[in-house]
Amino acid sequence: MRLRIIGAIWKKQWKDTLKNKAVFIQFIMLPALGVFMKHMVSVEGLPPNYFITMFAAMYVGMAPMVSMASILAEEKEKHTLRMLLMSNVKAGEYLFGVGAYVFLLCMAGAAVFAFAGGYTGAGLAQFLGAMAAGVAASLLIGAAIGTWSRNEMAANSLTVPLMLVCSFLPMLSMFNEKIASAARFVYSCQVQTMLKTAGAEGIDPFGAAVVAVNILCAIVIFRFVYRRSRLD
Amino acid sequence: MSGKAACIRAENISMSFGKKEVLQSVSLNIAEGEIFGLLGPSGAGKTSLLKILTGQLRQTGGRAFLFGLDTEGLPRDAYENIGLVLDNTGLYERLSCYDNLLLFAEIYGTGREKIMEALRRTGLAEAKKRPVSRLSKGMRQRLALARAILHEPGLLILDEPTAGLDPSTAAEIHALIREERERGAAVLLTTHNMEEATKLCGHVALLHLGNIVEYGSPAEVCRRYNHLNAICLTLKDGESITVENTPLSAKVVADYLQSGQIESIHSTEPNLETVFMELTGRGFAS
């Protein structure tokens with residue numbers, strides 16, 4: 001890994017994100033909505049960070065997956081990735097550069113949620129830790145989709161249903177017990193539970209195990225797709 | 001062939017996609033400081049050959065070498081000595097011309113002053129802040145060329161660099177290609193345009209259905225197919241007279257010249273397109 005190359009990819013990606021509304025909105029929409037709902041909507045009986053944890057869990061399931069898949073698929077479709085790879089950029093350097101960039105932007109969004117939720121100390125660590133684990137899982141799924149797809153349209157056809165499942169399942173499981181019993185094996189639902197208990201209780205070992213297994217599965221899928229794609 | 005070191009050497013390259021053979025025992029040699037034209041209609045196998053020579057595609061037979069390195073398992077740093085303009089320009093649409101070049105300048109580790117130099121040489125200095133999405137086709141092509149020459153590579157591979165461009169933009173690109181040759185770079189270009197190949201290339205290979213059907217300098221190739229070996233006189237009244245290109249015809253030509261009736265004199269040498277048609281029974285446009 002050459003830092004010079006990764007730095008160049010970050011710089012390019014940052015400039016591109018600012019001009020790419022479809023990707024840019026992924027990073028700011030849900031944090032902005034969470035902050036807005038937290039301060040503007042008050043419903044009696046709801047926990048104080050109800051909207052923060054709900055939108056943060058949706059964010060985990062949506063932003064990293066959609067943006068990573070979209071960036072990779074667009075680079076393949078427009079042949080810009082081919083030009084990078086033929087300029088002595090290694091596929092690993094490119095994927096690490098874009099992945100780390102998306103991860104950091106998503107964590108900036110996570111920090112907005114944490115700040116709006118008023119988390120401090122161990123609660124803040126748990127909140128950010130849960131967000132980081134969820135973002136990592138989504139990121140790997142997005143990277144697998146982006147690497148697999150030939151173009152953005154193909155990527156969207158996979159990303160949209162998966163994103164809907166991952167981002168809306170935590171919310172739907174609150175209203176339906178049957179959904180909840182199945183959803184507890186999905187990382188985004190366990191991330192939401194961890195966010196809800198941040199600052200109050202420790203991390204449930206079952207929840208941590210589910211997230212770890214989900215990340216592991218995402219790594220296996222990504223490695224399989226990466227090898228088949230022969231980007232190197 | 002010149003005595004200079006070979007930038008590209010291909011030995012009996014064959015390539016098949018399933019049962020379809022797209023290249024059959026293709027051999028060529030491109031020396032440093034040479035402009036080499038790979039000519040042929042769509043589907044002749046030009047792009048497949050370029051992909052094999054740049055290590056993007058693995059041939060089914062034969063060997064190819066880039067700067068002496070086998071293209072199968074080409075080390076990545078070999079790409080730092082190649083400038084590419086491929087069939088698709090691969091530019092970042094939302095980024096400006098400058099930012100597109102900045103990315104590659106940082107990857108190659110070249111100074112930022114090279115970016116402005118490349119923009120100036122390609123006539124894009126005034127458009128440096130303009131996003132690629134707002135560039136004309138000719139400007140995009142020039143930007144792709146600016147990216148290719150940014151790090152002063154030893155080899156330029158240009159896939160139809162002037163396709164679809166107006167004559168003045170094409171002429172600017174030709175001038176730039178010649179400048180690169182003067183610098184010592186080897187240039188491999190593919191084109192449909194026979195006039196372009198004749199003007200630019202030191203050597204050409206005519207590719208047809210995966211075979212090199214003719215190889216040599218454009219003048220040599222045309223001379224080889226000059227079956228008529230005649231001189232054509234066009235008179236002011238529109239009449240054309242063809243005389244054999246022998247010493248005996250000198251008096252006939254001199255008489256016409258003295259009489260002041262001659263509008264133009266030209267040889268009957270075929271051009272590359274005529275040669276290609278003779279060899280394959282089809283034109284480049286088909």
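Which side chains meet in a salt bridge at 3.9 Å, N to O? Keep that question in mind while you get your bearings; the tour will come back to it. The model on your screen is a predicted one.

**Stop 1: chain B as a whole**

Start by selecting chain B. Its C-alpha atoms fill a box of roughly 65 × 50 × 35 Å along the principal axes. Colour the chain by secondary structure and you can look for nine helices and 13 strands. Chain B has 286 residues, and 51% of them are buried. Its accessible surface comes to about 12700 Å², with 49% of that belonging to carbon and sulfur atoms. If you take the contacts within chain B between residues at least 6 apart in sequence, 66% of them join residues at least 24 apart.

**Stop 2: an open sheet**

Stay with chain B and show its strands β1, β2, β4 and β5. These four strands form an open sheet in the order β2-β1-β4-β5, with antiparallel pairing. At the edges are β2 (20–31) and β5 (69–70), each of which pairs on one side only.

Now zoom in on β1 (residues 6–17) and β4 (residues 61–66) of chain B, which pair in the antiparallel sense over five bridges. Which residue of β4(B) stands opposite B:Ile8? Select B:Leu66, and you have found the partner. In general, strands of a sheet pair through backbone hydrogen bonds, either parallel or antiparallel.

**Stop 3: a parallel pair**

For the other sense of pairing, select residues 82–85 and 155–159 of chain B. These are strands β6 and β7, and they pair in the parallel sense over four bridges. To see one such partnership, show B:Val85 together with B:Leu158, its bridge partner in β7(B).

Next, display the side of β6(B) to which each residue points. B:Ile82 and B:Leu84 point one way, while B:Gly83 and B:Val85 point the other way. Are these four residues buried or exposed? All of them are buried. The alternation fits a general pattern: in a regular strand the side chains alternate between the two faces of the sheet.

**Stop 4: back to the opening question**

Select B:Arg58 and B:Glu72, because theirs are the side chains that meet in the 3.9 Å salt bridge. B:Arg58 lies in the loop between α1 (46–53) and β4 of chain B, and B:Glu72 in the loop between β5 and β6, so the pair ties together parts that are 14 residues apart in sequence. B:Arg58 is exposed, at 57% relative accessible area, whereas B:Glu72 is partly exposed, at 36%.

For another salt bridge in this chain, move to B:Glu182 and B:Arg181, whose closest N and O atoms are 3.3 Å apart. B:Glu182 counts as exposed at 59% relative accessibility, and B:Arg181 is partly exposed at 27%.

**Stop 5: where the chains meet**

Bring chain A into view. Here 27 residues of chain B are in contact with 27 residues of chain A. The two chains bury about 2600 Å² between them, 56% of it on carbon and sulfur atoms. On the chain B side, select B:Arg76, B:Arg94 and B:Ile107: these lose the most area to chain A, together 32% of what that side buries.

How many salt bridges are there between chain B and chain A? The count is five, and the whole structure holds 24 over all chains. One to display is A:Lys11 with B:Glu106, where the closest N and O atoms are 2.6 Å apart.

Another joins A:Asp16 and B:Arg94 at 3.0 Å, N to O. A:Asp16 lies in helix α1 (residues 3–19) of chain A and B:Arg94 in the loop between β6 and α2 (97–108) of chain B, so this pair joins two chains. A:Asp16 is buried, with a relative accessible area of 7%. Add A:Glu74 and A:Lys78 to your selection, and you have a network of salt bridges that also includes A:Asp16 and B:Arg94.

**Stop 6: two sights in chain A**

Select A:Ser70 in helix α3 (residues 50–77) of chain A. With 9% relative accessibility, A:Ser70 counts as buried. Beyond its neighbours within four places in sequence, A:Ser70 is in contact with A:Val23 and A:Glu152.

Finish on the surface with A:Ile25, A:Ile28 and A:Met29, a nonpolar patch with about 250 Å² of accessible area together. A:Met29 belongs to helix α2 (residues 21–40) of chain A and is partly exposed, at 37% relative accessible area.

Definitions and conventions. Residues numbered from 1 in each chain as written. Chains lettered and ligands numbered in written order. Predicted model: local features only at pLDDT ≥ 70, side-chain atom pairs only at ≥ 80, totals over all residues. Heavy atoms only, no water. Buried < 20%, exposed > 50% of the residue type's maximum accessible area, 1.4 Å probe, protein only. Pairing = 2+ DSSP bridges. Patch = residues over 30% accessible without salt bridge, like charges linked within 9 Å, V, L, I, M, F, W, Y side chains within 5 Å. Areas by Shrake-Rupley, 256 points an atom, 1.4 Å probe, with all protein chains shown as cover. Salt bridge = Lys/Arg side-chain N within 4 Å of Asp/Glu carboxyl O. Contact = heavy atoms within 4.5 Å. Buried area = accessible area lost by both parts, 1.4 Å probe.
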